[in-house]
Amino acid sequence: MARKRRGGGSTRVVTSNVVSKQQTEDDKAFLRRAQELKQEGNTHFNHGRLEHARQAYSKGLQLCKGQSEEAAVLHSNLGAVLMLQHNLEEAVKEFTLALELDPYFIRARQRRARAYELLGNLIAALSDVRFLLKVLPKGHEAFVTLQTRLVDQIRKESRLKKEAETKKDTMEEGEMVSLKLVQGEDVRLVEVVDNINYAELRALALEKFPSISHFSVQFTDSEGDVVTLSCQDDVNVALRQARDKGNTA
């Protein structure tokens with residue numbers, strides 16, 4: 001009985017080794033095929049056959065599970081295809097998957113930074129660029145330039161946002177004034193805030209009279225004279241007189 005147990009145990013060990021060896025051989029075969037598909041995808045990509053490249057990279061990913069290095073490259077390449085297909089959000093997902101497998105994958109992080117920039121997510125793009133500048137040796141002027149551009153864009157957006165908020169607050173605080181826009185016999189009555197600027201007044205006139213392209217903005221003052229408005233100061237005077245006459249100009 002004891003010899004049978006020893007014999008049975010030996011059989012199980014041999015079977016386990018055979019299965020393990022077969023699994024290893026299968027993994028190697030899958031990896032080789034995944035690498036072949038990656039090369040096929042690269043060829044399609046270089047010749048502009050984006051959909052064929054996408055299919056090749058996707059098939060390769062299905063075969064290299066457990067092979068983090070190869071999978072990271074395939075995810076990054078697939079993301080590059082998606083970027084060129086203008087599918088930026090999916091591209092970011094692929095680059096992120098690549099970076100989860102290899103956080104120091106330079107090309108994937110560079111591509112993700114560009115995708116973030118195109119999506120308008122400038123903070124995320126800047127974060128990736130600063131990571132690259134931190135881990136790469138000095139001398140990468142392209143990344144330094146990109147960092148400067150992103151910082152300038154972020155500052156500009158912040159400034160424009162503040163200006164828009166200030167303008168909104170100013171308009172909310174202004175009083176409403178009725179204006180008559182006259183072009184020949186065509187008269188349009190509109191209401192504007194009393195702090196409207198000259199550019200906005202011209203834009204309003206173009207909106208109300210879309211058939212005209214060249215015109216001047218004029219105002220009939222309290223003495224009945226027709227005055228041409230040519231700057232913001234003229235608009236302010238006209239609006240003050242409109243308020244004085246009972247909110248009609």
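Here is a walk through this structure, from its overall layout to a few side chains worth a look.

Please keep in mind from the start that the model is predicted. Its confidence is the place to begin: pLDDT averages 81 over the chain, and 78% of the residues score at least 70. One stretch to treat with care is residues 1–6, where the pLDDT is below 50. In the model, these residues have zero contacts beyond near neighbours in sequence.

Now for the layout. The chain contains nine helices and four strands. If you follow the sequence from its start, the order of elements is α-α-α-α-α-α-α-β-β-α-β-β-α. The chain has 249 residues, and 32% of them count as buried. Among contacts with a separation of 6 or more, 43% join residues that are 24 or more positions apart. As for the outside, the accessible surface amounts to about 16400 Å², and carbon and sulfur atoms contribute 50% of it.

Let us turn to the charged side chains. Across the whole structure, a search finds nine salt bridges, and a few of them can be followed one by one. Start in helix H1, which spans residues 2–46 and holds both Glu36 and Arg33. These two residues sit three positions apart, about one turn of the helix, and their side chains form a salt bridge with an N to O distance of 3.1 Å. How exposed are the partners? Glu36 is partly exposed at a relative accessible area of 43%, and Arg33 is also partly exposed, at 34%. The pair belongs to a network of salt bridges that links Arg33, Glu36 and Glu40.

Helix H1 also takes part in a salt bridge that reaches another helix. Here Lys38 pairs with Glu70, and their closest N and O atoms are 3.0 Å apart. Because Glu70 lies in helix H3 (residues 68–84) while Lys38 lies in helix H1, this pair ties together parts that are 32 residues apart in sequence. Are these two residues buried or exposed? Both Glu70 and Lys38 are buried.

Further along, helix H5 (residues 106–119) offers a pair within one helix, Glu117 and Arg114. They are three residues apart, about one turn of the helix, and their side chains meet in a salt bridge at 3.0 Å, N to O. The two ends of this bridge fall into separate accessibility classes: Glu117 counts as buried because its relative accessibility is 11%, under the 20% cut-off. Arg114, with 38% relative accessibility, counts as partly exposed.

What follows helix H5? Asn121 is found in the loop between H5 and helix H6 (122–135). With a relative accessible area of 33%, Asn121 is partly exposed. A polar atom of the Asn121 side chain lies 3.3 Å from the backbone nitrogen of Ala124. Asn121 can also be placed relative to a residue further along the chain: its C-alpha atom is separated by 9.6 Å from that of Ile154, although the two residues are 33 apart in sequence.

To retrace the route, the salt bridges visited here include Glu36 with Arg33 in helix H1, the link from Lys38 in helix H1 to Glu70 in helix H3, and Glu117 with Arg114 in helix H5. The last stop was Asn121, in the loop between H5 and H6.

Key. Residues are numbered from 1 along each chain as its sequence is written. This is a predicted model: local features need pLDDT of at least 70, side-chain atom pairs count only at pLDDT 80 or more; totals for chains, interfaces and linings use all residues. Side-chain values use heavy atoms; hydrogens and water are left out. Buried means under 20% relative accessible area, exposed over 50%, partly exposed in between (1.4 Å probe, protein chains only). Contact means heavy atoms within 4.5 Å. Accessible areas come from the Shrake-Rupley method with a 1.4 Å probe; for residues, only the protein chains shown count as cover. A salt bridge is a side-chain nitrogen of Lys or Arg within 4 Å of a carboxyl oxygen of Asp or Glu. A polar contact is a pair of N or O atoms within 3.5 Å; within protein, one must be able to donate a hydrogen and the other to accept it, and residues adjacent in sequence count only if both atoms are side-chain atoms. pLDDT is the predictor's confidence in each residue, from 0 to 100.
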